[in-house]
Amino acid sequence: MEQTSFLFQQASKVGFSHSRILRTIVQHACSRFPSLVTSNNAWTALSRKMQSAKQALIIPNGTCKQKAFVIFGGDTSERQVSLMSGTNVWLNLQGFDDLDVTPCLLAPSNGYSSHNEDFSESSRDVWTLPYSLVLRHTTEEVHAACFEAIEPERVEITSRLRNQVMKELERALSKQDWFAGFDITDEQPIKYSLQQWIDYVKEAKAVVFIAVHGGIGEDGTIQSLLESAGVPYTGPGPIASRTCMDKVATSLAVDHLASYGIHTIPKDVRAREELLKSSLVDIWNDLKAKLQTETVCVKPARDGCSTGVARLRCPEDLEVYANALRGTLPRLPANCLSKAHGVIEMPVPPPESLIFEPFIETDEIIISNKSWNDSTRHLVWKGENEWLEVTVGVVGKRGEMHSLNPSITVKESGDILSLEEKFQGGTGINLTPPPATIMSEDALQKCKSCIEMTANTLGLEGFSRIDAFVNVHSGEVPLSISLIYLCSYKAKKRLV
């Protein structure tokens, strides 16, 4: 039942959306039980009546649907979670009858780095996607499916088989009074250069929903291009995006807020070349002395959350990390450092500079499978450390941002939240807000106040998320600035 599973991929190829195929399956199953037929028919009649009422509200008034384009993908290490985010956004926005939503793939580039000063909008491609092509597990699969879908021979074969299957299905299902027909049309993907796509969006008078994680989706590049063209988009503008993409710049931007309970973690910035050419033992000893810590958190100076973030406990760990940079490895395998951990996605291409910070210890939060009476699950938290890592959503206008309740994501393994735990449905456990047994109401309100002040200082708007550490007693927020992350699917009006 995963939203991109084989069932939904195949159903979409023959005209069924997620909701239509699920409704068909359920209603067909109910028809085998006489006692359910009456209720089933009543529900079908009600559904049709409600649909007619919706159409009557929109069409007679001459109201045109607002066009929205959801863009996702790219080529950063977060491209797969970007696909998941964009797919979720696209599917959810389809529930609004006054929106016409088009999913779009920012295609991977050929060796392009988002930090390349020679960037040109003609160097990137964007594909508008039909329903069925979005339902893939990776951006690479979506991209490959686009090329396959426009091959003349494949188009002819696919179209013929699709029509054949749809005729057979319609012949069988039309006998059922609940069958409402097919709701997915057979379309082909269309390829544009990034600039052509922006021109197309502008002509359509559409809003762009940015769901690209990292790279040009977060560093202000796409925001600048859209703003220059006068195309509305969701989320903070180019300046705020550019600031928050750079962890050092973000740290400097909020450094003056210490008296309000907002602190930045001490950091040491080093060039990648220094790690590759200098004595790692000397660098390790220097880091320990400067940061006054026994364990170090390393992360790229410019990248999205969790990418390339690792806890280092000894010079040997630093060597493993440096070798991964030298070999441009896409990920660090699980348990390759001195203490057990999960897979660590690495930025590709390797970052020019890295940040080293003291690692903040947080107590492990465990959701036990059973309690003493073997009937329910319960929370286990030792409370020996006073810090929690939280994710906080903020929403509103620039300068008037409102903090939502903080959320704790329970780690499955290791010291760092994985990309999947942060974004993938069904992975990890989120506690929102933190239970009162962990964080008091006063501390919670203080935390939200600090987050709002941070968001306003950084010039955020629409909808954004901030990752930070919070003191469970005082509610003060020592920001791990590397974890402040502009989730670019922010909102204006309906697109929240």
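A salt bridge is a side-chain nitrogen of Lys or Arg within 4 Å of a carboxyl oxygen of Asp or Glu. In the predicted model shown above, Arg270 and Asp286 form such a pair, with their closest N and O atoms 2.5 Å apart. The two residues belong to distant parts of the chain: Arg270 lies in strand β7 (residues 268-271) and Asp286 in helix α13 (residues 280-291), with their positions 16 residues apart in numbering. Their surroundings can be described in terms of accessibility. Arg270 counts as buried because its relative accessibility is 7%, and buried means under 20%. Asp286 has a relative accessible area of 28% and is therefore partly exposed.

A further bridge connects two strands. The side chains of Lys299 and Glu357 meet in a salt bridge with an N to O distance of 3.0 Å. Lys299 sits in strand β8 (residues 296-300), while Glu357 sits in strand β12 (residues 353-358); the pair is 58 residues apart and links distant parts of the chain. Both Lys299 and Glu357 are buried. Elsewhere, salt bridges with shared partners join Asp268, Arg270, Glu274, Asp286 and Lys290 into one network. The Arg270 and Asp286 bridge described at the outset thus has both of its residues in that network.

Another salt bridge is formed by Glu151 and Arg154, whose closest N and O atoms are 3.9 Å apart. This value satisfies the criterion because the cut-off is 4 Å. Glu151 is partly exposed, its relative accessibility being 39%. Arg154 is likewise partly exposed, at 40%. In total, the structure holds 22 salt bridges, the pairs described here being among them.

The packing of two helices completes this account. Helix α8 (residues 194-203) and helix α9 (residues 221-229) pack with their axes 10 Å apart and at an angle of about 45°. This angle makes α8 oblique to α9, because angles under 35 degrees would count as roughly parallel and those from 65 to 115 as roughly perpendicular. The crossing of α8 past α9 is right-handed. On the α8 side, Leu194, Ile198 and Lys202 make the contact; on the α9 side, Leu225, Leu226 and Ala229 do so. By class, the residues of this contact comprise 5 nonpolar, no polar and 1 charged. The charged one is Lys202 of α8.

Key: Residues are numbered from 1 along each chain as its sequence is written. This is a predicted model: local features need pLDDT of at least 70, side-chain atom pairs count only at pLDDT 80 or more; totals for chains, interfaces and linings use all residues. Side-chain values use heavy atoms; hydrogens and water are left out. Buried means under 20% relative accessible area, exposed over 50%, partly exposed in between (1.4 Å probe, protein chains only). Helices (H or I, at least four residues) and strands (E, at least two) are DSSP runs, numbered from the N terminus. Axes are lines fitted to C-alpha atoms, for helices over the stretch in contact, and angles run from 0 to 180 degrees between N-to-C directions. Angles under 35 degrees count as roughly parallel, over 145 as roughly antiparallel, 65 to 115 as roughly perpendicular and the rest as oblique. A crossing is left-handed if the near helix is turned anticlockwise from the far one by less than a right angle, and right-handed if clockwise. Contact means heavy atoms within 4.5 Å.
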